[in-house]
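Notebook open, coffee poured. I want to know how the chains sit together and how each one is put together inside.

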Number of protein chains: 2
Amino acid sequence: MPLILHSYWRATAPYRVRIGLNLKGLPYEYAPVNLLKAEQNDEAYADLNRQELLPALDTGDGHVLTQSLAILEWMDEVHPEPPLLPKDRYDRATVRAMAAIVACDIHPLNNLRIQKQLSALGVDDAGRTLWTQRWINDGFRALEPMVARHGRGFAFGDTPTLADCLLIPQVYSAERYAVDLAPYPAIRAVADTCAGHPAFADAHPDKQPDAQPS
Amino acid sequence: MPLILHSYWRATAPYRVRIGLNLKGLPYEYAPVNLLKAEQNDEAYADLNRQELLPALDTGDGHVLTQSLAILEWMDEVHPEPPLLPKDRYDRATVRAMAAIVACDIHPLNNLRIQKQLSALGVDDAGRTLWTQRWINDGFRALEPMVARHGRGFAFGDTPTLADCLLIPQVYSAERYAVDLAPYPAIRAVADTCAGHPAFADAHPDKQPDAQPS
């Protein structure tokens, strides 16, 4: 049974998992869940993932995994080559910290359910954009010196890691929200490297079967 | 050189790491950083952690680790006994997903910097409490069936895991924000078990050297 990834083209959490699957060379079926039509709240999907959030990965042998960080760690344990984490334990902690900055301290503050809740509180479009930019900038300010120090082409070292799986979708989101990336030359350099890497290029939102023309 | 944990008694992210250190039986020095006095923005601390967030763990041999999830994973790799993750890879993914629900989808939406930003947007005390309760309830609704299914005393199985390190501080926060825990009997049962476990009891905010009387 093949892997099945429940995904939405533009959502950044499934985008992370697509990159991981591509880096590992794992083929998968793409099961679109349209967030704009709230299909994540449909019973069929909610039965798979009680959080009614994307992604979910059906492993094809009776398990459905949720939470992109947990899925990527699973993938790296089950399919260790090429590794998503360095060998040295301090280096692993650094890569995981970089990933967590995106996964915990940037993305959750900006996703669709938060945008809706801010709207309900009377925050207008411009206010929501400022909110989103604020958390991206806060996180990128912390990531930039880490990438500058540890990156050699990729966010950590000269091969893709978990940190790139998280960072590249966040850069995509930053561009959507018109964040000025000029203060982050190290992050931009990694984004440029990854844009030319097939695992990242094929995972890009615009390449997904459910992509909508802009 | 001893481990040094930069912590604030009431913050939930360092509370997670205190539980982990206690479970592993690792002694550490407690370095208080008063968030209410914004000491996390002082140059001395910002030099350790560019995110100016807690916790940071000085490993005593020239490394400073940040991000509680990354610190706990490091701890489990360097000091494997007792393990914070089960052996089976699907079980590990489940425990990590439970941890990520707290670390990514509950806590970051409610911490002090978000409360401040909501205030600046004109959201009053009552509105901020509703906001906080909303995300805790969303996360606990997803966690409750996972704990009910997998827990046997602790959140996953009959020994403490990474999931408990994350869940117990979140329950503490839920109580502070007067979240009604009646709909979550499985989570409450785990909280009761952990309250009687020394590693958790000693990590409780009220037991920390910088604790303030309520």
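Below are my entries, going from the whole assembly down to a pair of strands.

**Entry 1: the model.** I noted before anything else that this is a predicted model.

**Entry 2: symmetry.** I asked what turn lays chain A on chain B. I found a turn of 180° with a shift of 0.0 Å along the axis, and the RMSD came out at 0.0 Å. That is how a two-fold axis relates copies, so I wrote "two-fold" in the margin. Next I looked for the C-alpha of chain A nearest the axis, and it belongs to Cys104(A), 2.2 Å away from the axis.

**Entry 3: where the chains touch.** I looked up how many residues each chain puts into the contact: 31 from chain A and 32 from chain B. On the chain A side, I listed the elements that give two or more residues, which are β4 (64–66), α3 (68–78), α4 (89–105) and α6 (125–150). Which of them gives the largest share? I got α4(A), with 11 residues. I also sorted this side of chain A by class and got 19 nonpolar, 5 polar and 7 charged residues.

**Entry 4: same surface or not.** I checked whether the copies use matching patches. Of the interface residues of chain A, 100% are interface residues in chain B too, so the two copies meet through the same surface.

**Entry 5: domains of chain A.** I have chain A split into domain 1 (3–82) and domain 2 (89–199). Their centres, taken over C-alpha atoms, are 20 Å apart. Between them, I see 12 residues of domain 1 in contact with 15 residues of domain 2. On the domain 1 side, α1 (12–24) and α3 of chain A are the elements that give two or more residues. The largest share there comes from α1(A), with 7 residues. By class, I noted 7 nonpolar, 4 polar and 1 charged on that side of domain 1. So α3 of chain A goes into my notes twice: it is listed for the side facing chain B, and it is listed for the side of domain 1 facing domain 2.

**Entry 6: strands in chain B.** I moved to chain B and asked in which sense β1 and β2 pair, parallel or antiparallel. Strand β1 (residues 3–7) and strand β2 (residues 28–32) of chain B run parallel over 5 bridges. Within this pair, I found Ile4(B) opposite Glu29(B) of β2(B). Adding helix α1 (residues 12–24) of chain B to β1(B) and β2(B) gives a β-α-β unit, and I recorded its hand as right-handed.

Note on methods:
Residues numbered from 1 in each chain as written. Chains lettered and ligands numbered in written order. Predicted model: local features only at pLDDT ≥ 70, side-chain atom pairs only at ≥ 80, totals over all residues. Contact = placed C-beta atoms within 7 Å. Helix = DSSP H or I, 4+ residues; strand = E, 2+ residues; numbered from the N terminus. Nonpolar A, V, L, I, M, F, W, Y, C, P; charged D, E, K, R; others polar. Domains from an automatic or database assignment. Pairing = 2+ DSSP bridges. Right-handed = clockwise from strand over helix to strand, strands pointing away. Least-squares fit on C-alpha atoms with pLDDT ≥ 70 in both.
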